[in-house]
Amino acid sequence: SVWVVGYLVLRQVFEAHQSSMAEIQALNSHLKQKVDELAKQESATRMNEKKVLQLLDASPLPVTVANFNTGVYVDVNPAWERLFQFARADVIGKTSVDLGFWKDLQQRQGWIDTFAVKGRVSGYEVTFQMRNGPPRVFLLSSERFLYGDEDCVLTMSVDVTERKQLESELKLLNANLEARAGEVPVVPGLSAEGLRGDATTAALC
C-alpha cells in the first residue's frame, strides 16, 4: 500500500541520515585529534623557541641563528652585538657576506663544505673583518636545528685572536733562541757543547 511504501522510504532516509551522522562524527573525532596534535606541536615549538631565546640571551659567547638555505640572519644575541658592534635590527635579514665579515671567501666555502659533509662544524678557524677595527680570528662551531618551523644553523664564535698572537710570538722567540744557540763562538780547546754545558752548570749554581 501507499502507507507501507512511504514508511519504507522514510526508514531508508532515516537510516541513511544516521549513517551520514556517524561518518560525520568519526570525521569530527579524527579532525579534533589532528587539531590537538598540531596544538601540542605548536606548544612544543613555542617552548623550544623560548628556550633558544633564553640560551641566546644568557650565552657569554657571540651566537647567531641563520637560515640554513639562504644564510640570512634570523637572530643574534647581545654578546654578538657587543663584539661585532652591530645592532640586532641592522643585521636581521642580511648575511655575513652582506656585512663584509669574510676576508677570505675560500674559508667560507670550506666551512660550507665541512657542514655539508659532517652535518655540523666544530672549531673551524676563520678570520673576520671587524666593523671598527683590525681583523680578528675566531673558532666557529655550528649546529643545524629547527627554529620554530624554519630550518636554521646556530653558530657560536670563540675569539682566539690574542691566543694566536701569543702562539706566533712564542714560535718567533723559540726560533730566535735556536738561532742564537747555533751562533755560539768556538773557543780553542772548548767545543760548543762544552760551552753550553758550562753555561748550564753556571745557571744551576
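Helix α4 is a good place to start, since α4 gives the most to the lining of the largest pocket, with 5 residues. Please keep in mind that this is a predicted model.

**The largest pocket**

The space in the largest pocket comes to about 500 Å³. Its lining has 24 residues, and those closest to the pocket centre are A66, G71, W111, I112 and V153. Four elements give two or more residues to this lining: β1 (63-67), α2 (78-84), α4 (105-118) and β5 (150-159). What is the chemical make-up of the lining of the largest pocket, in nonpolar, polar and charged residues? It divides into 14 nonpolar, 9 polar and 1 charged.

G71, one of the residues closest to the pocket centre, is found in the loop between β1 and β2 (73-76). Its relative accessibility is 24%, so G71 counts as partly exposed. Leaving out residues up to four places away in sequence, G71 touches A66, K94 and T95. Of these partners, A66 is also listed among the residues closest to the pocket centre. As for K94, its C-alpha atom is 8.0 Å from that of G71, with the two positions 23 residues apart along the chain.

**The chain as a whole**

With the pocket in view, here is the wider layout. The chain has 6 helices and 5 strands, and along the sequence they follow the pattern α-β-β-α-α-α-β-β-β-α-α. The chain has 205 residues, of which 23% are buried. Among contacts with a separation of 6 or more, 35% join residues 24 or more positions apart. The exposed area is about 14500 Å², and carbon and sulfur atoms supply 59% of it.

**Four residues in strands**

Let us now look at some individual strand residues. The table gathers their accessibility values.

| Residue | Relative accessibility | Class |
|---|---|---|
| L140 | 3% | buried |
| S157 | 5% | buried |
| T64 | 9% | buried |
| N67 | 14% | buried |

Strand β1 holds T64 and also N67. Which residues does T64 contact beyond its neighbours within four places in sequence? They are Y73, D75, V76, W80, V153, L154 and T155. T64 can also be placed relative to E81: their C-alpha atoms are separated by 9.8 Å, and the two are 17 residues apart along the chain. For N67, again without residues up to four places away, the partners are V72, V74, E150, D151 and C152.

L140 is found in strand β4 (residues 136-147). Why does L140 count as buried? Its relative accessibility is 3%, and buried means under 20%, so L140 falls in that class. Beyond four places in sequence, L140 touches W102, W111, V121, S122, G123, Y124, V126, F128, T155, M156 and S157. For the pair L140 and V126, the C-alpha atoms are 7.4 Å apart in space, with the residues 14 apart in sequence. Another partner of L140, W111, is among the residues closest to the centre of the largest pocket.

S157 is found in strand β5. The residues that S157 touches, not counting those up to four places away in sequence, are L61, P62, F138, L139 and L140. The contact between S157 and L140 links β5 with β4.

**An unusual backbone angle**

Q85 is worth a stop on your tour of the backbone. Q85 is not a glycine, yet it has a positive phi of about 60°. Where is Q85 found? It is in the loop between α2 and α3 (88-91). Q85 has 40% relative accessibility and therefore counts as partly exposed.

**Confidence**

Finally, a word on how far the predictor trusts each part. The average pLDDT of the chain is 77, and 65% of the residues score at least 70. By element, confidence is highest in α3, at 95, and lowest in helix α6 (residues 192-204), at a mean of 44. Over residues 198-205, pLDDT stays under 50. For this stretch the model has 1 contact beyond four places in sequence.

Methods: Residues numbered from 1 in each chain as written. Predicted model: local features only at pLDDT ≥ 70, side-chain atom pairs only at ≥ 80, totals over all residues. Heavy atoms only, no water. 1 Å grid on protein atoms, 1.4 Å probe; cavity = no way out; pocket = protein on both sides within 12 Å on 5 of 7 lines; lining within 4 Å. Points joined across faces, edges and corners; volume = space filled by probe spheres on them. Nonpolar A, V, L, I, M, F, W, Y, C, P; charged D, E, K, R; others polar. Buried < 20%, exposed > 50% of the residue type's maximum accessible area, 1.4 Å probe, protein only. Contact = heavy atoms within 4.5 Å. Areas by Shrake-Rupley, 256 points an atom, 1.4 Å probe, with all protein chains shown as cover. pLDDT = per-residue confidence, 0-100.
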